[in-house]
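Subject: Handing over the structure

Hi there,

Here is the structure I promised to pass on to you. Please open it alongside this email, and then read on for what turned up.

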Amino acid sequence: MTPHIESRDEDIADVVLMPGDPKRAELIASKYLDDAKLVNTVRGMNAYTGFYKGKRVTVFPSGMGIPSMGIYSYELFKFYNVSKIIRIGTVGGYLEDEKVFDVILADKSFSKSNYALDLSGSDSHIMEGSKALNEKIIEEAKREGIDLRVGNIYSTETFYDGGKNLDVMKNKYHCIGTEMESYALFANASYLNKEASAILTVSDNLVTKEEIDSSAREKSLDRMILLALNSIL
Ligand code: HPA
């Protein structure tokens, strides 16, 4: 037990998939997992442990933003001995040719956040995903015929930034999109010697203004969810 997770040690699998939204965690558990068991309800962050093709996996929501992802992924890595976390989320596209539903693997995450500084004293504003896990994901994407785009991501703390960060993040740091959680996940993984990756689906394009409508969201996330699940087998 931790201040935010009520699960018993044995309730949490070695590998965790982390969507942002608790409802998405429930959906993934009911649609893809066999024998799914509810293992956390604290703060409505309902988490499930079950089996995908015989592999034990936990689906645990991160909530939105660096602080929320920071808390849950830290506690899972540190106190539940989780070894791998794959974030599955959405991203706002920065490139004109990024279409909604496109799937992105976040290679490096840039942020102005002080999360890593406060965590470990590291003043690096760039955190990287696990190379080994990313390789598995890239390999699996090839097998599934998914045109996976690999690139840097801007992990912002300000959803409503009025587009102010787009030019500098895109041109100076070569970011191909923006989301709000991967920096904390990668910082925790690197601090605690664990593995983390972030697979993201383009939900909106900040240049073309194309957007996924909410009814299409569920279907569009299927490819990303299956990619994550098949990568951990
Ligand atoms: N900004 C930040 N996070 C996001 C966005 C965005 O435009 N789209 C999906 N996650």
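Below is what was found around the ligand and in the pocket that holds it.

Before anything else, please keep in mind that this is a predicted model.

Let's start with the ligand. Its surroundings are made up of Thr-90, Val-91, Gly-92, Phe-159, Thr-178, Glu-179, Met-180, Ser-203, Asp-204 and Leu-206. By class, this shell has four nonpolar, four polar and two charged residues. If you prefer to find your way by strands, look for β5 (84-93), β9 (175-179) and β10 (195-205), each of which supplies at least two residues of the shell. The largest share comes from β5, with three residues.

Two of the shell residues are worth a look for their polar contacts with the ligand. At Asp-204, an N or O atom of the side chain is 2.8 Å from a nitrogen atom of the ligand. At Gly-92 the backbone takes part instead: one of its polar atoms is 3.2 Å from a ligand nitrogen. As for how covered the ligand is, on its own it has 260 Å² of accessible area, and the protein covers 88% of that.

Now to the pocket. The ligand takes up the space of the largest pocket, which has a volume of about 720 Å³. This pocket is lined by 28 residues, and the closest to its centre are Thr-90, Phe-159, Met-180, Ser-203 and Asp-204. You will recognise these five names from the shell around the ligand.

Which elements supply at least two residues each to the lining of the largest pocket? They are the helix α1 (22-32) and the strands β5, β9 and β10. Here too β5 gives the most, this time with five residues. Sorted by class, the lining has 11 polar residues, nine charged ones and eight nonpolar ones.

If you want a place to begin, try β5, since it has the largest share of the ligand shell and gives the most to the pocket lining.

Enjoy exploring, and best wishes!

Note on methods
Residues numbered from 1 in each chain as written. Predicted model: local features only at pLDDT ≥ 70, side-chain atom pairs only at ≥ 80, totals over all residues. Heavy atoms only, no water. Near = heavy atom within 4 Å. Polar contact = N/O pair within 3.5 Å; in protein donor to acceptor, adjacent residues only side chain to side chain. Areas by Shrake-Rupley, 256 points an atom, 1.4 Å probe, with all protein chains shown as cover. 1 Å grid on protein atoms, 1.4 Å probe; cavity = no way out; pocket = protein on both sides within 12 Å on 5 of 7 lines; lining within 4 Å. Sits in = over half its atoms within 2 Å of the grid points. Helix = DSSP H or I, 4+ residues; strand = E, 2+ residues; numbered from the N terminus. Nonpolar A, V, L, I, M, F, W, Y, C, P; charged D, E, K, R; others polar. Points joined across faces, edges and corners; volume = space filled by probe spheres on them.
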